[in-house]
Amino acid sequence: MNYSRFLTAVSMARKPSPIRILTELQQRSPPSLISLAGGAPNPNTFPFLSATIQMKNGEAVLFDQTMMKKALQYSASPGIPELVSWMKELQKKLHNPPTASYSPEKGQMELCVTTGSQEGLCKVFEMLISPGDNVLLDAPTYSGTLAAVQPLGCNIINVPSDQYGMIPEALKDVLSRWDPADAQKLGSGVPRVLYTIPNGGNPTGASMTAERKQKVYELAQDYDFLIIEDDPYYFLQFEKPWAPSFLSMDVDGRVIRTDSFSKILSSGLRIGFVTGPKPLVDRVVLHIQASTMHTSTFTQLMVSELLHFWGQEGFLKHIDSVVEFYRAQRNAMLSSADNWLKDVAEWHAPAAGMFLWIKLKGIKDTQKLIMEKALEKEVLLVPGGVFNIHSSEPCPYVRVAFSLSTPQQIDEAFKRLSALIKEALRCEELLRI
């Protein structure tokens, strides 16, 4: 892989921070090292002494005075070593990436911690997307992705998808306008980046099959583009075995994967990860050095202590309990949808995530219905148009989340939504008379 051809001018211009390098060097050195180099504040001046974080099972994460000083201090830009190493082992267990045994220059698997997966995504986009580039993604897609990508001045190309995610045949058709032989030629226009949410996609709930992923990966090989695998709902798959990831198929070192702890540990802790070829992850770290410097040391240590206490087995046991909760929530929503909406809407049961993507029958655009009428009836949903590349285009879909509301609240919300849809359809019928 010629990684340099994927990098933007901004990313190429980034240089390692000498101060950040010294910080990481100091943290790897023995206590006998006397450092007069760093500009870190003295932790003895901080007002916080210790902390005890109680867990639901009765156990506790203890931050004594020594640990607290570490938690409140600057740390390495890629993440604290104990958390990075734990996550690397987890990625190897879950995905068994072929690149784990590669040399660094060949695309060896590397990992860094980010302040939520959103920070990682934004930095990956900035690293890879230049004005005028053609970028592939399956729309509708996560509105946060559109907010990050659209200002970069690229040409976003929609690849058709369905309940099983991106359609490989449709991707092949989109790519057919270019010659694969031109992929590495400057100015050829061949897309260099494909973005997708493979499991429980936000907003559609779509999940890609292993067969589709393999076909998409083969097209990536043919046209030599990178795959950004944004997978915040990987751990919220409702059936086992979990679907194999793009990372597990990555024999070339062309997959950049983002993971998140937001859905399974805490959204407020802001802990995410970027996993991918070392030459590219190192570039993400250079951007971190120049922006946030590093993710909160306190929250990293808090999560690291928990994960080391649990071990992989304990972590996956926790995941099972989270999945069980969301599976029950999903089933409650599907039951209420069958009760109230089957005559006025259609949907597919999501295999992962926390969203149901509903198409309203006879409603060309849900924007006004949801943002005006539904609010009047005290039910809040998201009109589907906000997830489209061109958000002003009419869209008959709404996104509903089953994460927070109780089954009783979901049922009442769908009862109100059903009445709103029927009222809207009656009004349209009267207008046609």
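These are my notebook entries on a predicted model, covering helices, aromatic rings, cores and backbone oddities.

**Ground rules**

I number residues from 1 along each chain as its sequence is written. Since the model is predicted, local features need pLDDT of at least 70 and side-chain atom pairs count only at pLDDT 80 or more, while totals for chains, interfaces and linings use all residues; side-chain values use heavy atoms, with hydrogens and water left out.

**Entry 1: two helices**

I started with helix H8, residues 210–223 (helices are DSSP runs of H or I with at least four residues, strands are E runs of at least two, and both are numbered from the N terminus). H8 has 14 residues and reaches 20 Å from its first C-alpha to its last, close to the expected 20 Å. That expected span is 1.5 Å times one less than the number of residues.

Which residues of H8 are buried? I noted Arg212, Lys213, Val216, Tyr217, Leu219, Ala220 and Tyr223. Seen down the axis of H8, these buried residues fall within an arc of 160°, so they line one face of the helix. The arc is taken from the directions from the helix axis to the C-beta atoms. For burial I used relative accessible area: under 20% is buried, over 50% is exposed, and in between is partly exposed (1.4 Å probe, protein chains only). Just after H8 comes Asp224, with a positive phi near 50°.

Next I looked at helix H5, residues 116–128, which has 13 residues and spans 19 Å between its end C-alphas, close to the 18 Å expected. H5 is mostly covered, with eleven of its 13 residues buried. Among them are Glu119, Lys123 and Glu126, along with Leu121, Val124 and Phe125.

**Entry 2: aromatic rings**

How many aromatic pairs does a search of the whole structure find? The search gives 13. Rings of Phe, Tyr and Trp (its six-membered ring) pair if their centres lie within 6.5 Å; planes under 30 degrees apart count as stacked, over 60 as edge-to-face and the rest as tilted.

I picked out Phe235 with Trp242, an edge-to-face pair at 5.9 Å centre to centre with 80° between the planes. Phe235 also pairs edge-to-face with Phe315, at 5.5 Å and 90°. That second pair links distant parts of the chain: Phe235 is in the loop between strand E9 (226–230) and helix H9 (246–249), and Phe315 is in helix H11 (residues 297–340), 80 residues apart. Phe235 counts as buried at 4% relative accessibility, and Trp242 counts as buried at 17%. Phe315 is buried too.

These rings belong to one aromatic cluster made of Trp86, Tyr234, Phe235, Trp242, Phe261, Phe273 and Phe315. One member, Tyr234, has the charged end of Arg257 over its ring, 4.8 Å from the centre. I count a charge as over a ring if NZ of Lys or CZ of Arg is within 6 Å of the ring centre and within 35 degrees of the ring normal.

I then met Arg257 again at Gln91, in helix H4 (residues 81–95). Gln91 is buried, with a relative accessible area of 1%. Leaving aside neighbours within four places in sequence, Gln91 is in contact (heavy atoms within 4.5 Å) with Asn96, Pro97, Met109, Leu111, Arg257, Asp259 and Thr275.

**Entry 3: the cores**

I looked up the nonpolar cores (sets of buried Ala, Val, Leu, Ile, Met, Phe, Trp, Tyr and Cys residues joined through side-chain atoms within 4.5 Å). The largest has 96 residues, and those with the most contacts inside it are Leu128, Phe315, Leu341 and Ile358. H11 gives the most to this core, with 13 residues. A second, separate core of 23 residues includes Val159, Met166, Met208 and Val216.

**Entry 4: backbone oddities**

I found a cis peptide bond joining Ala139 and Pro140, with omega about 0°. Pro140 lies in the loop between strand E4 (134–137) and helix H6 (143–149). The bond from Lys240 to Pro241 is also cis, with omega near 0°, and Pro241 is in the loop between E9 and H9.

Where is Arg270, buried or exposed? Arg270 is partly exposed at 30% relative accessible area, in the loop between strands E10 (255–260) and E11 (272–277). Its phi is positive, near 60°. Glu378 has a positive phi of about 60° although it is not a glycine, and at 65% relative accessibility Glu378 counts as exposed.
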